[in-house]
Amino acid sequence: MFFSKKTKGYFVEINESSVLIARTTSETAPLEVEELRECAVGDEAAIAETLKQLQPRKQPSGYLHSVVGIYPPRRVVRKHTLELKKLKEPAYMADLFTQQLRIEPEKFMLALINATDGADYDLSRATQKEVVFCGAPNDDINAAQQDLLNHGIYPERLELGSVSTLGALVDFLAFEKSKTPTLVLDVGNETTHSFIVSANGIEASRPIPQGLEAMVPVVQKELGLKDEESARKLFRSNTFDFTGMGPLLIKRLLKELQSSIGFYEVQTGQSVGQVLCIQLSPKLAWLEGSLASSLGIAPMKLDPIPWLRSRNIVVPDTLSKTASDFRWFGLMSLMVEHTSQNGSLTDKKE
(Lines give C-alpha, C1' and ligand atoms only; values in the text may rest on other atoms or scores of the structure.)
Protein backbone atom coordinates (compact mmCIF):
# COMPACT_ATOMS: atom_id res chain seq x y z
CA MET A 1 0.00 0.00 0.00
CA PHE A 2 1.25 3.48 -0.79
CA PHE A 3 -0.57 5.07 2.18
CA SER A 4 2.38 4.63 4.49
CA LYS A 5 3.42 8.23 5.14
CA LYS A 6 3.08 9.18 8.79
CA THR A 7 2.30 12.89 8.48
CA LYS A 8 -1.42 13.53 8.21
CA GLY A 9 -2.71 16.13 5.78
CA TYR A 10 -5.29 18.75 6.73
CA PHE A 11 -7.32 20.80 4.27
CA VAL A 12 -9.71 23.61 5.17
CA GLU A 13 -12.11 25.66 3.07
CA ILE A 14 -13.86 28.69 4.55
CA ASN A 15 -16.63 30.11 2.38
CA GLU A 16 -19.44 32.52 3.21
CA SER A 17 -21.59 29.91 4.97
CA SER A 18 -19.43 26.94 6.00
CA VAL A 19 -16.10 25.73 7.29
CA LEU A 20 -15.21 22.45 5.55
CA ILE A 21 -12.36 20.36 6.92
CA ALA A 22 -10.65 17.18 5.70
CA ARG A 23 -8.01 14.93 7.23
CA THR A 24 -6.00 12.75 4.88
CA THR A 25 -3.37 10.04 5.24
CA SER A 26 -0.70 12.30 3.77
CA GLU A 27 -0.02 15.96 3.06
CA THR A 28 0.37 15.31 -0.67
CA ALA A 29 -0.96 12.73 -3.14
CA PRO A 30 -1.03 9.80 -3.20
CA LEU A 31 -3.40 10.00 -0.25
CA GLU A 32 -6.67 8.71 1.16
CA VAL A 33 -9.35 10.88 2.72
CA GLU A 34 -9.96 9.84 6.33
CA GLU A 35 -12.45 12.42 7.62
CA LEU A 36 -14.75 15.11 6.21
CA ARG A 37 -16.34 17.56 8.66
CA GLU A 38 -18.49 20.68 8.33
CA CYS A 39 -19.22 23.55 10.71
CA ALA A 40 -21.24 26.70 10.28
CA VAL A 41 -19.26 29.91 9.88
CA GLY A 42 -19.31 31.71 13.22
CA ASP A 43 -19.90 28.59 15.33
CA GLU A 44 -16.63 28.92 17.24
CA ALA A 45 -17.35 26.11 19.70
CA ALA A 46 -18.14 23.59 16.94
CA ILE A 47 -15.02 24.55 14.97
CA ALA A 48 -12.80 24.22 18.04
CA GLU A 49 -14.28 20.83 18.96
CA THR A 50 -13.97 19.53 15.38
CA LEU A 51 -10.31 20.53 15.14
CA LYS A 52 -9.66 18.86 18.50
CA GLN A 53 -11.29 15.62 17.32
CA LEU A 54 -9.42 15.55 14.00
CA GLN A 55 -5.92 15.79 15.49
CA PRO A 56 -4.57 12.40 16.59
CA ARG A 57 -2.19 14.23 18.89
CA LYS A 58 -1.69 17.86 19.81
CA GLN A 59 0.61 19.74 17.41
CA PRO A 60 3.78 21.09 19.10
CA SER A 61 3.02 24.56 17.80
CA GLY A 62 -0.54 24.44 19.07
CA TYR A 63 -1.80 25.07 15.52
CA LEU A 64 -3.29 22.73 12.92
CA HIS A 65 -0.99 23.14 9.91
CA SER A 66 -3.29 23.07 6.87
CA VAL A 67 -3.80 23.92 3.23
CA VAL A 68 -6.55 26.52 3.22
CA GLY A 69 -8.94 27.87 0.60
CA ILE A 70 -10.60 31.23 1.28
CA TYR A 71 -13.08 33.54 -0.45
CA PRO A 72 -12.15 37.14 0.44
CA PRO A 73 -15.14 39.42 -0.29
CA ARG A 74 -13.11 41.74 -2.54
CA ARG A 75 -11.27 39.00 -4.42
CA VAL A 76 -10.34 39.45 -8.06
CA VAL A 77 -10.39 36.55 -10.52
CA ARG A 78 -10.45 38.07 -13.99
CA LYS A 79 -9.51 36.69 -17.39
CA HIS A 80 -7.89 39.25 -19.66
CA THR A 81 -6.36 39.33 -23.14
CA LEU A 82 -3.00 41.08 -22.95
CA GLU A 83 -1.70 43.27 -25.74
CA LEU A 84 1.76 41.73 -25.90
CA LYS A 85 3.30 44.60 -27.87
CA LYS A 86 2.37 47.04 -25.12
CA LEU A 87 3.68 45.02 -22.17
CA LYS A 88 6.97 46.92 -22.08
CA GLU A 89 5.22 50.26 -21.96
CA PRO A 90 5.40 51.55 -18.33
CA ALA A 91 1.82 52.81 -18.33
CA TYR A 92 0.20 49.70 -19.83
CA MET A 93 -0.08 47.54 -16.70
CA ALA A 94 -0.90 50.55 -14.52
CA ASP A 95 -3.81 51.46 -16.80
CA LEU A 96 -4.95 47.83 -16.87
CA PHE A 97 -5.12 47.72 -13.08
CA THR A 98 -6.96 51.01 -12.68
CA GLN A 99 -9.22 50.99 -15.76
CA GLN A 100 -9.98 47.29 -16.31
CA LEU A 101 -9.61 45.69 -12.89
CA ARG A 102 -10.41 48.88 -10.95
CA ILE A 103 -7.91 48.12 -8.21
CA GLU A 104 -4.93 49.81 -6.57
CA PRO A 105 -2.18 47.20 -7.16
CA GLU A 106 -0.04 48.39 -4.24
CA LYS A 107 -2.89 47.43 -1.89
CA PHE A 108 -3.37 43.97 -3.44
CA MET A 109 -1.68 40.62 -3.38
CA LEU A 110 -1.84 39.55 -7.01
CA ALA A 111 -0.84 36.55 -9.09
CA LEU A 112 -0.87 36.34 -12.89
CA ILE A 113 -1.48 32.90 -14.40
CA ASN A 114 -2.03 31.37 -17.82
CA ALA A 115 -5.74 31.05 -18.60
CA THR A 116 -5.25 27.63 -20.20
CA ASP A 117 -3.23 25.65 -17.66
CA GLY A 118 -2.95 27.83 -14.54
CA ALA A 119 0.85 27.98 -14.66
CA ASP A 120 2.52 31.14 -13.37
CA TYR A 121 2.69 33.73 -16.13
CA ASP A 122 6.20 34.86 -17.07
CA LEU A 123 6.00 38.56 -17.94
CA SER A 124 9.61 38.59 -19.12
CA ARG A 125 8.83 36.05 -21.86
CA ALA A 126 5.18 36.96 -22.45
CA THR A 127 4.42 34.49 -25.22
CA GLN A 128 0.74 33.93 -24.31
CA LYS A 129 -1.87 36.66 -24.28
CA GLU A 130 -4.74 34.91 -22.43
CA VAL A 131 -4.18 35.36 -18.70
CA VAL A 132 -6.07 35.41 -15.41
CA PHE A 133 -5.44 37.99 -12.69
CA CYS A 134 -6.00 36.48 -9.23
CA GLY A 135 -5.80 38.27 -5.95
CA ALA A 136 -7.31 40.07 -3.00
CA PRO A 137 -6.56 43.17 -0.94
CA ASN A 138 -3.69 42.78 1.52
CA ASP A 139 -6.08 43.80 4.30
CA ASP A 140 -8.45 40.93 3.42
CA ILE A 141 -5.60 38.40 3.28
CA ASN A 142 -4.22 39.58 6.63
CA ALA A 143 -7.68 39.47 8.21
CA ALA A 144 -8.25 35.93 6.88
CA GLN A 145 -4.89 34.78 8.24
CA GLN A 146 -5.60 36.28 11.64
CA ASP A 147 -9.03 34.64 11.70
CA LEU A 148 -7.44 31.28 10.90
CA LEU A 149 -4.85 31.70 13.66
CA ASN A 150 -7.61 32.63 16.10
CA HIS A 151 -9.24 29.30 15.26
CA GLY A 152 -5.96 27.43 15.80
CA ILE A 153 -5.30 26.90 12.08
CA TYR A 154 -1.89 27.73 10.58
CA PRO A 155 -2.15 28.11 6.77
CA GLU A 156 0.86 26.35 5.26
CA ARG A 157 -0.59 27.31 1.89
CA LEU A 158 -3.34 29.86 1.33
CA GLU A 159 -5.33 29.74 -1.89
CA LEU A 160 -8.23 31.60 -3.39
CA GLY A 161 -10.97 28.97 -3.26
CA SER A 162 -12.44 30.24 -6.54
CA VAL A 163 -9.14 29.72 -8.39
CA SER A 164 -8.50 26.28 -6.94
CA THR A 165 -12.05 25.19 -7.81
CA LEU A 166 -11.86 26.56 -11.36
CA GLY A 167 -8.53 24.83 -11.94
CA ALA A 168 -9.95 21.54 -10.72
CA LEU A 169 -13.06 21.95 -12.90
CA VAL A 170 -10.92 22.50 -16.00
CA ASP A 171 -8.93 19.39 -15.10
CA PHE A 172 -12.15 17.44 -14.48
CA LEU A 173 -13.64 18.47 -17.85
CA ALA A 174 -10.41 17.40 -19.58
CA PHE A 175 -10.50 14.06 -17.72
CA GLU A 176 -14.11 13.56 -18.84
CA LYS A 177 -13.18 14.61 -22.40
CA SER A 178 -16.05 17.07 -22.21
CA LYS A 179 -16.50 19.49 -25.10
CA THR A 180 -19.28 21.46 -23.38
CA PRO A 181 -18.49 25.03 -22.28
CA THR A 182 -19.74 25.41 -18.71
CA LEU A 183 -21.06 28.51 -16.94
CA VAL A 184 -19.62 28.62 -13.41
CA LEU A 185 -21.14 31.07 -10.94
CA ASP A 186 -19.39 31.98 -7.72
CA VAL A 187 -22.39 33.54 -5.98
CA GLY A 188 -21.46 35.67 -2.98
CA ASN A 189 -23.40 38.01 -0.75
CA GLU A 190 -22.63 41.17 -2.73
CA THR A 191 -21.09 39.99 -6.01
CA THR A 192 -21.47 37.12 -8.45
CA HIS A 193 -18.28 36.11 -10.24
CA SER A 194 -19.27 34.60 -13.57
CA PHE A 195 -16.94 32.31 -15.54
CA ILE A 196 -17.17 30.21 -18.67
CA VAL A 197 -14.78 27.27 -18.51
CA SER A 198 -13.99 24.31 -20.74
CA ALA A 199 -11.43 21.54 -20.91
CA ASN A 200 -9.15 24.15 -22.53
CA GLY A 201 -9.17 26.50 -19.54
CA ILE A 202 -10.97 29.63 -18.42
CA GLU A 203 -12.65 31.07 -21.51
CA ALA A 204 -14.33 34.17 -20.06
CA SER A 205 -14.97 35.94 -16.77
CA ARG A 206 -17.06 38.80 -15.50
CA PRO A 207 -17.83 40.19 -12.03
CA ILE A 208 -21.51 41.12 -11.65
CA PRO A 209 -22.52 43.47 -8.81
CA GLN A 210 -25.53 41.28 -7.99
CA GLY A 211 -25.32 38.80 -5.15
CA LEU A 212 -27.59 37.14 -2.65
CA GLU A 213 -28.23 40.38 -0.76
CA ALA A 214 -29.77 41.95 -3.87
CA MET A 215 -32.52 39.32 -3.69
CA VAL A 216 -33.57 40.20 -0.13
CA PRO A 217 -35.61 43.35 -1.00
CA VAL A 218 -37.47 41.33 -3.65
CA VAL A 219 -38.35 38.70 -1.04
CA GLN A 220 -39.56 41.44 1.31
CA LYS A 221 -41.74 43.04 -1.36
CA GLU A 222 -43.22 39.83 -2.78
CA LEU A 223 -44.07 38.34 0.63
CA GLY A 224 -45.15 41.62 2.22
CA LEU A 225 -42.67 41.35 5.09
CA LYS A 226 -42.22 44.31 7.46
CA ASP A 227 -38.45 44.74 7.07
CA GLU A 228 -35.40 43.46 5.21
CA GLU A 229 -34.01 41.59 8.22
CA SER A 230 -37.14 39.41 8.39
CA ALA A 231 -36.85 38.80 4.66
CA ARG A 232 -33.15 37.95 5.00
CA LYS A 233 -33.77 35.38 7.75
CA LEU A 234 -36.54 33.72 5.73
CA PHE A 235 -34.47 33.79 2.52
CA ARG A 236 -31.57 32.00 4.20
CA SER A 237 -33.69 29.46 6.04
CA ASN A 238 -35.15 26.14 4.99
CA THR A 239 -38.69 27.08 5.99
CA PHE A 240 -39.90 28.44 2.65
CA ASP A 241 -39.61 27.05 -0.87
CA PHE A 242 -38.36 29.87 -3.09
CA THR A 243 -38.34 27.78 -6.27
CA GLY A 244 -41.55 29.36 -7.58
CA MET A 245 -40.25 32.84 -6.84
CA GLY A 246 -36.87 32.05 -8.38
CA PRO A 247 -37.38 33.84 -11.73
CA LEU A 248 -38.28 37.07 -9.91
CA LEU A 249 -35.34 36.84 -7.51
CA ILE A 250 -32.76 36.27 -10.25
CA LYS A 251 -34.25 38.67 -12.80
CA ARG A 252 -31.48 41.29 -12.64
CA LEU A 253 -28.70 38.71 -12.38
CA LEU A 254 -30.19 36.77 -15.28
CA LYS A 255 -30.07 39.78 -17.59
CA GLU A 256 -26.34 40.19 -16.95
CA LEU A 257 -25.67 36.47 -17.45
CA GLN A 258 -27.60 36.36 -20.72
CA SER A 259 -25.50 39.27 -21.97
CA SER A 260 -22.23 37.52 -21.03
CA ILE A 261 -23.27 34.19 -22.54
CA GLY A 262 -24.54 35.84 -25.72
CA PHE A 263 -21.26 37.71 -26.20
CA TYR A 264 -19.22 34.52 -25.67
CA GLU A 265 -21.35 32.48 -28.06
CA VAL A 266 -21.16 35.10 -30.81
CA GLN A 267 -17.39 35.43 -30.37
CA THR A 268 -16.65 31.69 -30.33
CA GLY A 269 -19.54 30.03 -32.15
CA GLN A 270 -19.87 27.62 -29.22
CA SER A 271 -22.94 27.19 -27.02
CA VAL A 272 -22.77 27.15 -23.23
CA GLY A 273 -24.42 23.88 -22.30
CA GLN A 274 -24.50 23.66 -18.51
CA VAL A 275 -24.31 25.73 -15.33
CA LEU A 276 -22.74 25.13 -11.96
CA CYS A 277 -22.89 27.25 -8.80
CA ILE A 278 -20.06 27.13 -6.30
CA GLN A 279 -20.17 28.21 -2.64
CA LEU A 280 -23.97 27.92 -2.28
CA SER A 281 -25.27 26.65 1.04
CA PRO A 282 -27.74 23.70 0.91
CA LYS A 283 -30.53 26.11 1.91
CA LEU A 284 -30.04 27.96 -1.38
CA ALA A 285 -29.68 24.90 -3.60
CA TRP A 286 -32.87 25.91 -5.49
CA LEU A 287 -30.96 28.86 -6.99
CA GLU A 288 -28.91 26.75 -9.41
CA GLY A 289 -32.06 25.07 -10.74
CA SER A 290 -33.80 28.42 -11.24
CA LEU A 291 -30.80 29.82 -13.10
CA ALA A 292 -30.48 26.74 -15.29
CA SER A 293 -34.19 26.74 -16.13
CA SER A 294 -34.26 30.46 -16.92
CA LEU A 295 -31.12 30.20 -19.08
CA GLY A 296 -32.44 27.13 -20.89
CA ILE A 297 -29.40 25.00 -20.03
CA ALA A 298 -28.84 22.02 -17.73
CA PRO A 299 -27.42 22.03 -14.21
CA MET A 300 -24.02 20.33 -14.36
CA LYS A 301 -23.93 16.84 -12.92
CA LEU A 302 -20.56 15.42 -11.98
CA ASP A 303 -19.13 12.41 -10.22
CA PRO A 304 -15.71 13.50 -8.93
CA ILE A 305 -14.69 10.14 -7.46
CA PRO A 306 -13.12 8.57 -10.63
CA TRP A 307 -11.36 11.86 -11.42
CA LEU A 308 -9.98 12.09 -7.87
CA ARG A 309 -8.80 8.49 -8.13
CA SER A 310 -6.95 9.37 -11.34
CA ARG A 311 -5.14 12.05 -9.33
CA ASN A 312 -4.14 9.50 -6.65
CA ILE A 313 -6.77 10.67 -4.17
CA VAL A 314 -8.86 7.83 -2.77
CA VAL A 315 -12.22 8.45 -1.14
CA PRO A 316 -13.47 5.46 0.89
CA ASP A 317 -17.01 4.19 0.37
CA THR A 318 -18.08 5.58 3.75
CA LEU A 319 -17.28 9.15 2.57
CA SER A 320 -18.06 8.89 -1.15
CA LYS A 321 -21.61 10.24 -0.84
CA THR A 322 -20.39 13.34 1.00
CA ALA A 323 -17.43 13.88 -1.34
CA SER A 324 -19.70 13.55 -4.38
CA ASP A 325 -21.78 16.54 -3.22
CA PHE A 326 -20.41 19.47 -5.21
CA ARG A 327 -20.27 21.64 -2.11
CA TRP A 328 -17.13 19.68 -1.19
CA PHE A 329 -15.48 20.01 -4.60
CA GLY A 330 -13.59 23.18 -3.64
CA LEU A 331 -12.12 21.48 -0.58
CA MET A 332 -11.15 18.41 -2.60
CA SER A 333 -9.55 20.64 -5.24
CA LEU A 334 -6.99 21.76 -2.65
CA MET A 335 -5.66 18.18 -2.56
CA VAL A 336 -5.11 17.90 -6.31
CA GLU A 337 -1.64 18.34 -7.74
CA HIS A 338 -1.47 19.15 -11.44
CA THR A 339 1.50 18.67 -13.73
CA SER A 340 1.74 22.47 -13.86
CA GLN A 341 0.91 24.78 -10.99
CA ASN A 342 -2.84 25.17 -10.76
CA GLY A 343 -3.00 28.87 -10.10
CA SER A 344 -2.74 28.86 -6.34
CA LEU A 345 -2.49 32.14 -4.52
CA THR A 346 0.16 31.37 -1.94
CA ASP A 347 1.16 33.55 0.95
CA LYS A 348 4.25 32.26 2.71
CA LYS A 349 4.62 33.38 6.31
CA GLU A 350 8.10 34.14 7.49
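1. In this predicted model, six strands make up an open sheet whose order is β8-β4-β1-β2-β3-β14, and the pairing within that sheet is mixed. The edge positions are taken by β8 (153-160) and β14 (313-314), each of which has a single partner strand, so that one side of each is left without a neighbour in the sheet.

2. The pairing at the β8 edge can be described in more detail, since strand β4 (residues 64-70) and β8 pair in the parallel sense over seven bridges. Within this pair, Ser66 stands opposite Pro155 in β8, which gives a convenient place at which to check the register by eye.

3. A second open sheet is formed by five strands in the order β11-β10-β9-β12-β13, and here too the pairing is mixed. At its edges stand β11 (201-208) and β13 (298-299), and because each has a single partner strand, one side of each is left without a neighbour in the sheet. Inside this sheet, strand β9 (residues 182-187) and strand β12 (residues 274-278) run parallel and are joined by five bridges, with Gln274 of β12 as the bridge partner of Thr182.

4. Which strands does helix α4 lie across? In the five-stranded sheet, helix α4 (residues 161-175) lies across β9, β10 (192-198), β11 and β12, and runs at about 25° to β10. In the six-stranded sheet, α4 lies across β4 and β8, running at about 60° to β8. The helix therefore has contacts with strands of both sheets, and a reader tracing the model may find α4 a useful element to follow from one sheet to the other.

5. Helix α8 (residues 251-268) also lies across part of the five-stranded sheet, namely β9, β10 and β11, and its direction makes an angle of about 150° with β11.

6. How do helices α5 and α6 cross? The axes of α5 (residues 216-223) and α6 (residues 228-235) come within 8 Å and cross at roughly 100°, and the two helices are therefore roughly perpendicular to each other. On the α5 side the contact is made by Val216, Pro217, Val219, Gln220 and Leu223, and on the α6 side by Glu228, Ala231, Arg232, Leu234 and Phe235. Sorted by class, this contact has seven nonpolar, one polar and two charged residues.

7. The structure holds one cavity of 30 Å³ or more, and the space in the largest cavity comes to about 110 Å³. Its lining is made of 14 residues, and those that lie nearest the centre of the cavity are Glu13, Asn15, Ile278, Gln279 and Arg327. Both β2 (18-24) and α12 (329-333) supply at least two residues each to the lining of the largest cavity. By class, that lining has six nonpolar, six polar and two charged residues.

8. Two details of the backbone deserve a look in the loops. The peptide bond from Ala29 to Pro30 is cis, with omega near 5°, and Pro30 has its place in the loop between β2 and β3 (31-40). Ala126, found in the loop between β6 (108-114) and β7 (130-137), has a phi near 45°, which is a positive value in a residue other than glycine.

Conventions: Residues are numbered from 1 along each chain as its sequence is written. This is a predicted model: local features need pLDDT of at least 70, side-chain atom pairs count only at pLDDT 80 or more; totals for chains, interfaces and linings use all residues. Side-chain values use heavy atoms; hydrogens and water are left out. On a 1 Å grid over the protein atoms alone, a cavity is a set of points where a 1.4 Å probe fits but cannot get out, and a pocket is an open set with protein on both sides within 12 Å along at least five of seven lines; lining residues have an atom within 4 Å of a point. Grid points are joined across faces, edges and corners, and a volume is the space filled by probe spheres set on the points. Helices (H or I, at least four residues) and strands (E, at least two) are DSSP runs, numbered from the N terminus. Ala, Val, Leu, Ile, Met, Phe, Trp, Tyr, Cys and Pro count as nonpolar, Asp, Glu, Lys and Arg as charged, and the others, Gly among them, as polar. Axes are lines fitted to C-alpha atoms, for helices over the stretch in contact, and angles run from 0 to 180 degrees between N-to-C directions. Angles under 35 degrees count as roughly parallel, over 145 as roughly antiparallel, 65 to 115 as roughly perpendicular and the rest as oblique. Contact means heavy atoms within 4.5 Å. Two strands pair if DSSP finds at least two bridges between them.
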